[in-house]
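Biologist: I am new to this structure and would value a close look at its charged side chains and the pairs they form. Please begin with the term on which the search for such pairs rests, and then proceed to the surroundings.

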Amino acid sequence: EEPFVIVTNHADIKRINVNRMEYLEIADGLHSATALSMDITSSTIFWSDDIHHGIFRKSVDQNRKDIRQILGDVQSPGGIAVDWIYSHIYWTDSRARTLSLATVDGLKRKTLFTTNLKEPTAIAVDPQSGYV
């Protein structure tokens with residue numbers, strides 16, 4: 001498969017083919033898609049939405065109507081990152097000043113850090129090395 005980049009302008013999410021500079025619309029009509037992360041193993045894209053106070057997911061291989069909110073009640077979701085080995089999603093919440101994780105289906109949720117975080121806005125994970 002050819003290399004690609006996934007980008008958002010808050011209203012749309014697009015997959016851009018790096019070699020041919022062509023794009024494929026993954027999701028449109030969004031309100032405030034902010035941060036993006038992708039689980040390559042399941043071809044699923046995740047994004048945070050500050051207006052809906054949640055985290056959403058969509059399969060890149062299916063039709064556009066399968067957008068699902070997997071997490072709600074996130075005050076100000078910022079950065080997100082997917083751990084593709086253990087099927088977790090991590091996110092920051094700058095208003096609540098927390099770093100949390102959940103399973104990629106959103107069912108098991110846990111706050112990891114609640115102290116000494118001023119305005120967490122980004123996160124990265126390296127599950128092969130065990131780093132957050």
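Modeller: A salt bridge is a side-chain nitrogen of Lys or Arg within 4 Å of a carboxyl oxygen of Asp or Glu. The model is predicted, so local features require pLDDT of at least 70 and side-chain atom pairs pLDDT 80 or more, whereas totals for chains, interfaces and linings use all residues. Residues are numbered from 1 along each chain as its sequence is written, and side-chain values use heavy atoms, with hydrogens and water left out.

Searching the whole structure yields four salt bridges. One of them joins R20 to E2, with 2.8 Å between the closest N and O atoms. R20 belongs to the loop between β2 and β3, and E2 to the segment before β1 (4–8), so this pair ties together parts 18 residues apart in sequence. Strands are DSSP runs of E with at least two residues, helices runs of H or I with at least four, and both are numbered from the N terminus. R20 also meets the side chain of E22 in a salt bridge, at 2.9 Å from N to O. Through shared partners, E2, R20 and E22 are joined into one network.

How accessible are these three residues? R20 has a relative accessible area of 48% and is partly exposed. E2, at 33%, is partly exposed, and E22, at 43%, is partly exposed as well. In these terms, buried means under 20% relative accessible area, exposed over 50%, and partly exposed in between (1.4 Å probe, protein chains only).

Another salt bridge pairs D66 with K58, at 3.4 Å from N to O. K58 is buried, with a relative accessible area of 2%.

The loop that carries R20 also holds V18, since V18 is found between β2 (13–17) and β3 (23–27). V18 is partly exposed at 39%. Together with V5 and V7, V18 makes a nonpolar surface patch of about 200 Å². Such patches consist of residues with over 30% relative accessible area and no salt bridge, with like charges joined within 9 Å and nonpolar side chains (Val, Leu, Ile, Met, Phe, Trp, Tyr) within 5 Å. The accessible areas come from the Shrake-Rupley method with a 1.4 Å probe, and for residues only the protein chains shown count as cover.

What of a charged residue without a salt bridge? D83 is buried yet has none, and K110, the nearest side chain of opposite charge, is 13 Å away. For this purpose Lys and Arg count as positive and Asp and Glu as negative, while His and the chain ends are not counted. D83 lies in strand β8, which spans residues 77–83. A polar atom of the D83 side chain lies 3.0 Å from the backbone nitrogen of Y86. This is a polar contact, a pair of N or O atoms within 3.5 Å; within protein, one must be able to donate a hydrogen and the other to accept it, and residues adjacent in sequence count only if both atoms are side-chain atoms. Residues up to four places away in sequence aside, D83 touches H88, Y90, V125 and P127, where contact means heavy atoms within 4.5 Å.

Just beyond this strand comes the loop between β8 and β9, where S87 is found. S87 has a positive phi of about 55 degrees although it is not a glycine, and its relative accessibility of 32% counts as partly exposed. Most residues other than glycine have a negative phi. H10, in the loop between β1 and β2, likewise is not a glycine and has a positive phi, of about 80 degrees. H10 is partly exposed at 44%.

A further charged residue, R97, lies in the loop between β9 (88–93) and β10 (98–103). R97 is partly exposed, with a relative accessible area of 46%. A polar atom of the R97 side chain lies 3.3 Å from the backbone oxygen of K118. The two residues are 21 apart in sequence, and their C-alpha atoms are 6.2 Å apart. Beyond four places in sequence, R97 touches F113, T114, L117, K118 and P120.

Finally, F46 offers a view of a buried nonpolar side chain, at 1% relative accessibility. F46 lies in strand β5, residues 44–49. Its contacts beyond four places in sequence include L36, R57, I80 and V82. The C-alpha atoms of F46 and L36 are separated by 5.7 Å, although the two residues are 10 apart along the chain.
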